Amino acid sequence: MAKKLIYALGVLTLLIGLWGFYDRLVFGEQHVNYGSAVVWGLWVAMYFFFGGVAVGSFLVASLDYLFEIKAFEGYGKPALWTSLVTLAAAMASIGFDLGHMERIWKAFVQFNPHSGIIEDVWGYTIFGVLALIALILALRGQKGTTLKIVMVLGFIAALYVAGAPGKLLGNNATRPYWHMALLPLQFLFMALTSGAAMMLLVQAFLSPKEPAPLATLVLRVALIVLLILSAYSTWAFFSQSLYGNIPSLIASVKQLTSGQYAGLFWGLEIGLGTLLPLVLLFVPDLTKNKLAGGLIGLCVLVGNAVARYLIVVPGLNVSVLKNIETAHIGRGLTLSYSPSTIEWAVVSGLVGIILLALALGTDYLPLYKKEA
Amino acid sequence: MSQETTGLLEKYASEVFAGLVAPALEGMEISAAPADDLLAKEDVLVRMERELKRALEKPASERRWVMVIDLRKCIGCHACTVACVAENKLPPGVVYRPVLEEEFGTYPNVTMKFLPRPCMHCENSPCTEVCPVNATYHNEEGIVVVDYEQCIGCRACIAACPYGARTFDFGETYTEQLPVIFDGVLIGSKTAAAYEHASQEYGQAWKREGRHESPVGNVRKCHFCLHRIKDGILPACVTTCIGRATFFGDANDPDSLVSELISKPNVIRLKEELGTEPRVYYIV
């Protein structure tokens, strides 16, 4: 029943997405709402989010194949598949965001080694290749030294790319909101959190097997710890600028605490994505319920996605030069941003692809077959 | 109003004006303006054109193009903004040289400050560092340029620019989705599109023929009108400035006007504390 729901949801969201894909590929970026002031929007936020889920899922797989924790036996293949599927969605999301996605090959051939984007591109590529090799080896049942080496390398790559988006943004001294040493660490915590949450979701809605009680317990405890760490890093991240109290430096943070994004921040990121899951994770009866675990995972993922959006957009919608936003009028020159329907449609399509790929993988790949 | 009435009004208005002004001018010697003196005073544009040609005789790496903007003279007419749009055939949403306005004081003590903001062409430019594919860089003269065929459109350089000097080309045109009524005739968007001329930036014709061809999908910015400079013509914003508030030239030439201007103590650069070393100076 749960899987049918995933299939139905996947088809529906993909159908909406097809309209978005068509519009983006035919009309270019004419129907997006990001512009020359707020240069990155929903697609970049989703790139960070899906990329984080991919990394987090890989790290869950490493509990099985690298650290060989008995409780996580059997989690490796579904986690690797989830990692690859979400990584593909992340790459598609950032691809749609590029003005010339057909030129991405230049990032491998004619690259600037000083660019943070290049570190992301190369990091994710190496990570993706290693995750793919690991999955192929695991599907073939080759749980030997080769898989272990691949997992070690993949683990290092995963840890690196988990924080890389934070480094990419944090390097930008023009944007005080991002220019914090803590940002890469915050991205790492968020990636780990989303990986654990995604696994709860997968085992609740897709796994044909009953989840191992010990693994579920570990995942939930890990989620409690990671949620607290994520919330702590958010507080630390904000407090640095808030205590400084220099108006230009706190303009972005104030949008979240008491400005236009207060509803999203307090309601979805903190309320739905952090506090509610934390409370529910402490209820003993719920920890035994697979579906409840899945819904807790879903709440965490929604909060996590919102958190990425609230890092990307408020960093950009503040003026870099006094009165520049009123100096000219035209397409994309405003500081206000909310995603267009095409942007939402593309994200819907990517979610649809993830849901369908996960469901199809469960049905047609030996993800849950016990290894010899 | 009939022609007869207009003529009558002009006649009497002139007589009334003459009657009012004549007593005030009584005893004053009125003569024509000394034409020789006016002509003897060379327009700064002529001097800058001459200096530009002199600079072009040097190897490119020995030139240091700078722009100087006299904020005391700027009246906020936006002629430079418009000239830049016309020169580079900039589409909607792409602006290289806006004029920032700020109002000071309260009535009746109110004044306006205008700040034209081209690209600063920083010597330590944050925008070039972040480009993943080296599509934006300093050319041999030190001007920050964009290679449209290399740019992947990631917009990281826009996010990194401390001066907001870059904009993205989303592929819009001024004639899109028209039916256009031109001179009373419905001519349609296709005919109107013929009025969208190719930009000549970087010495190449960039026609807007598709939704995916460069410079659509690229980041665009002021390039000091490089295509004009190479032909010995000053940037469009300089020649259009009605107050002669914008100056351009080679700062490596000690005899140039810009060298004279930037050696004064009342010269500033925007966000100088960042250490980006802008090549645009403001006289305040």
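Okay, one term before anything else: pLDDT is the predictor's confidence in each residue, from 0 to 100. We need that because what you're looking at is a predicted model.

So, chain B. Its mean pLDDT is 87, with 83% of the residues at 70 or more. Which elements sit at the two ends of the scale? Among the elements of chain B, helix α1, residues 3–25, has the lowest mean pLDDT, 56. Strand β12, residues 280–283, has the highest, at 98. And for the complex, the predictor gives an ipTM of 0.93 and a pTM of 0.90.

Now the overall layout. Chain B has ten helices and twelve strands. Of its 284 residues, 39% are buried. If you take the contacts in chain B with a separation of 6 or more, 62% of them are between residues 24 or more positions apart.

Let's go to one of the sheets. β12 of chain B turns up again here, in an open sheet of four strands, with the order β10-β1-β12-β11 and mixed pairing. Strands β10 (246–250) and β11 (267–268) of chain B are at the edges, and each has a single partner strand, so one side of each has no neighbour in the sheet. What does β10 of chain B pair with? That's β1 of chain B, residues 65–70, and the two run antiparallel, with five bridges. If you want one pair to click on, take I69(B), whose bridge partner in β10(B) is T246(B).

Next, helix α4 of chain B, residues 79–88. Its buried residues are C80(B), T81(B), C84(B), V85(B), E87(B) and N88(B). Why do they line one face of the helix? Well, look down the axis of α4(B): the buried residues fall within an arc of 165 degrees, so they end up along one face. And what do they pack against? The buried residues of α4(B) pack against β2 (99–106), β3 (109–116), α9 (236–240) and, back to our edge strand, β10 of chain B. Right after α4(B) comes K89(B), and its phi is positive, near 50 degrees.

Last stop, the contact between the chains. It takes 40 residues from chain B and 40 from chain A. On the chain B side, the elements giving two or more residues are β2, α5 (126–130), α6 (156–160) and β6 (166–168). So β2 of chain B appears in both stories: it packs against α4(B), and it contributes to the side that touches chain A. By class, that side of chain B has 23 nonpolar, ten polar and seven charged residues.

Technical notes
Residues are numbered from 1 along each chain as its sequence is written. Chains are lettered from A and ligands numbered from 1 in the order in which they are written. This is a predicted model: local features need pLDDT of at least 70, side-chain atom pairs count only at pLDDT 80 or more; totals for chains, interfaces and linings use all residues. Two strands pair if DSSP finds at least two bridges between them. A residue is buried if 20 or more other C-beta atoms lie within 10 Å of its own, exposed if 12 or fewer, and partly exposed in between; C-beta atoms are placed from the backbone. The arc is that of the directions from the helix axis to the C-beta atoms. Two residues are in contact if their C-beta atoms, placed from the backbone, lie within 7 Å. Ala, Val, Leu, Ile, Met, Phe, Trp, Tyr, Cys and Pro count as nonpolar, Asp, Glu, Lys and Arg as charged, and the others, Gly among them, as polar.
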